[in-house]
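Here is a short briefing to read alongside the model. Take a look at the fold first, then follow the topics below at your own pace.

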Amino acid sequence: MKNPLEEHIKAQILEAEEALRLAMLHSDVTALNELLSPNLIFTNHRGQIFSKHRELSTHVSGEFEFTRLTFSEHHILPLTDNVVIVSVKAWMVGMYAERFTDNTFRFTRVWSLTPNGQWQVISGHSSLIDV
């Protein structure tokens, strides 16, 4: 039998994941600011660590310019009522650091519920998938 609270949390996370996808696709810094924790630690596929400030600056500067970004294969694991782990496959097409990219990645994210009820990514990691 499914746990209604767990299903509700999973639905909220799917909404947050879609909001994050759209914010990344359109370099919506206002939305990204809401979705990323001030304490964000993100490790990219090259082993570089990004803070929230660094992540936002890549969108402001145009370092990231996606023309296509799709998420699939969501695996959502609520650990508690306010901490959730997500693994998602992402296909990204566009420019990254002045280079064209058309690659598939696997992202692992930790979402945390803030005291005001906002889900935010507090930690993440990406790996390049060989296809």
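At 32% relative accessibility, Arg54 falls in the range between buried and exposed, so this residue counts as partly exposed. Arg54 is also half of a salt bridge, with Glu63 as its partner and 3.2 Å between the closest N and O atoms. Please keep in mind that this is a predicted model. With that pair as a way in, the points below go through the charged pairs, the overall fold, the helices and the sheet.

**Salt bridges**

- The structure holds six salt bridges, and the pair of Arg54 and Glu63 is one of them.
- Side chains of opposite charge can pair when their charged atoms come close.
- Lys89 and Glu73 make another such pair, with an N to O distance of 3.5 Å. Because Lys89 sits in strand E4 (residues 83-96) and Glu73 in strand E3 (residues 64-78), this salt bridge ties together parts that are 16 residues apart in sequence.
- Glu73 also forms a salt bridge with Arg106, and here the closest N and O atoms are 2.8 Å apart. Arg106 belongs to strand E5 (residues 99-113) and Glu73 to strand E3, so this pair links parts that are 33 residues apart in sequence.
- Through shared partners, Glu73, Lys89 and Arg106 are joined into one network of salt bridges.
- How accessible are the side chains of this network? Glu73 has a relative accessible area of 41% and is partly exposed, and Lys89 is partly exposed too, at 23% relative accessibility.

**Overall fold**

- The protein chain has three helices and six strands, and from the N terminus on its elements follow the order α-α-β-β-α-β-β-β-β.
- The radius of gyration is 14 Å, close to the 14 Å that the globule rule gives for 131 residues, so the protein chain is as compact as a globular protein of that length.
- Along its principal axes, the C-alpha trace spans about 50 × 35 × 25 Å.
- Of the 131 residues, 39% count as buried.
- Among contacts in the protein chain with a separation of 6 or more, 51% come from residues 24 or more positions apart.

**Helices and how they lie on the sheet**

- Does the length of helix H1 (residues 4-25) fit what its 22 residues should span, or what is the expected value? At 1.5 Å a residue the span should be 32 Å, and the end C-alpha atoms are 32 Å apart, which agrees.
- Several residues of H1 are buried, among them Ile9, Ile13, Ala16, Leu20, Met24 and Leu25. The buried residues of this helix also include Glu17 and Arg21.
- Glu18 is in helix H1 as well, but with a relative accessible area of 35% Glu18 is partly exposed.
- The C-alpha atoms of Glu18 and Thr70 are separated by 9.4 Å, although these residues are 52 residues apart along the chain.
- Just after H1, Ser27 takes a positive phi of about 50 degrees.
- H1 lies across strand E1 (36-43) and across E3, E4, E5 and E6, and runs at about 170 degrees to E3.
- Helix H3 (residues 52-61) lies across E1, E2 and E3, at about 85 degrees to E1.

**The sheet**

- Six strands make up an open sheet with mixed pairing, in the order E2-E1-E6-E5-E4-E3.
- Which strands stand at the edges of the sheet, each with a single partner strand? These are E2 (49-50) and E3, so one side of each is left without a neighbour in the sheet.
- Strands of a sheet pair through backbone hydrogen bonds, either parallel or antiparallel.
- E1 and E6 run parallel and are paired over four bridges; Phe42 has Gly124 in E6 as its bridge partner.
- E5 and strand E6 (residues 119-129) run antiparallel and are joined by 10 bridges. Thr108 stands opposite His125 in E6.
- E1 and E2 pair in the antiparallel sense over two bridges, and the bridge partner of Thr43 in E2 is Ile49.
- The hairpin of E1 and E2 has five residues between the strands, and Gly47 in this hairpin takes a positive phi near 85 degrees.

Definitions and conventions
Residues are numbered from 1 along each chain as its sequence is written. This is a predicted model: local features need pLDDT of at least 70, side-chain atom pairs count only at pLDDT 80 or more; totals for chains, interfaces and linings use all residues. Side-chain values use heavy atoms; hydrogens and water are left out. A salt bridge is a side-chain nitrogen of Lys or Arg within 4 Å of a carboxyl oxygen of Asp or Glu. Buried means under 20% relative accessible area, exposed over 50%, partly exposed in between (1.4 Å probe, protein chains only). The expected span of a helix is 1.5 Å times one less than its number of residues. Two strands pair if DSSP finds at least two bridges between them. Contact means heavy atoms within 4.5 Å. Axes are lines fitted to C-alpha atoms, for helices over the stretch in contact, and angles run from 0 to 180 degrees between N-to-C directions. The radius of gyration is taken over C-alpha atoms; the globule rule is 2.2 Å times the number of residues to the power 0.38.
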